[in-house]
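Trainee: I'm new to this one and would like a close look at a single part. Could you walk me through it slowly?

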Amino acid sequence: PFTLPGTFAPGTAYNLDVEVQPSNPLQVCRVTNGQGTIVNANITDLAVVCDPPAPPPAGGALDPGFAGGMVSNPSHGRILSMALQPDGRIVVLTDFNKLLRYQVDGTLDTSFGSNGVVSATLGGSALDLLRAVALQADGGILVAGMARASGGSTTAEDMGIKRYLPNGTVDAAFGTAGFVRVDIAGRADDANAIAVQPDGKIVLGGLAVMT
């Protein structure tokens, strides 16, 4: 039994969910009767239900609790970069400029983007190349790569960063409409690694062709 802190006025809508899944042992938990509206009485039929932990696989064996131990989505391209959220969900970036998020059991997280998939961009050009993904402390998702913008007979190729909110939508408050272009004054700049420092600052690594 548990009691949530505070009280809520009648007519208030509520939606209780599991924010962080257990990791020791690894389990998938969900809330039954987690949505509704407060009336003139306590809510007493909420329940948190967790699947029994699966027996640990033998050393080196595939984990049967993770979609049989292997997930494949070839229609979305090859994995270039991935990051693990604190709640156990996995964010993946592919060479088709797709962001995917998986639940701890290996299924796509349908609350992310469109049924678990986001068609990611940098500056908005179809020629953009996304290379790496990183997570911020507040749940924001950063992608980095080469941002291209064609103009006349020349093409600008600069490092680029785009920030997505935890639900997969672009964070318009980051940079300009969610995008930051980094020009190192080279002929072609390309970011292929990104990291977030403990103080929140963002570090890019990559290539700058100066001639």
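Mentor: Happy to. One term before we start: a residue is called buried under 20% relative accessible area, exposed over 50%, and partly exposed in between. Keep in mind that this is a predicted model. Let's begin with Phe2, which sits in the segment before β1 (13-15). Its relative accessible area is 48%, so Phe2 falls in the partly exposed class. Phe2 also helps build a surface patch: together with Leu4 and Val48 it makes a nonpolar area of about 270 Å².

Now on to strand β4, which covers residues 47-50 and runs antiparallel to β2, with 4 bridges joining the two. If you want one spot to find on screen, look for Thr32, which stands opposite Ala47 in β4.

Stay with β2 for a moment, residues 29-32. In a regular strand the side chains alternate between the two faces of the sheet. Here Cys29 and Val31 make up the covered face of β2, while Arg30 and Thr32 make up the uncovered one. That puts Thr32, the partner of Ala47, on the uncovered face.

For a contrast with Phe2, turn to Ala120, in the loop between β8 (117-119) and β9 (129-135). Ala120 has 5% relative accessibility, so it counts as buried. Leaving out residues up to four places away in sequence, Ala120 touches Asn97, Leu99, Leu130 and Tyr164. Val143 is 23 residues from Ala120 in sequence, and their C-alpha atoms are 8.3 Å apart in space.

How values were computed:
Residues numbered from 1 in each chain as written. Predicted model: local features only at pLDDT ≥ 70, side-chain atom pairs only at ≥ 80, totals over all residues. Heavy atoms only, no water. Patch = residues over 30% accessible without salt bridge, like charges linked within 9 Å, V, L, I, M, F, W, Y side chains within 5 Å. Areas by Shrake-Rupley, 256 points an atom, 1.4 Å probe, with all protein chains shown as cover. Salt bridge = Lys/Arg side-chain N within 4 Å of Asp/Glu carboxyl O. Buried < 20%, exposed > 50% of the residue type's maximum accessible area, 1.4 Å probe, protein only. Pairing = 2+ DSSP bridges. Contact = heavy atoms within 4.5 Å.
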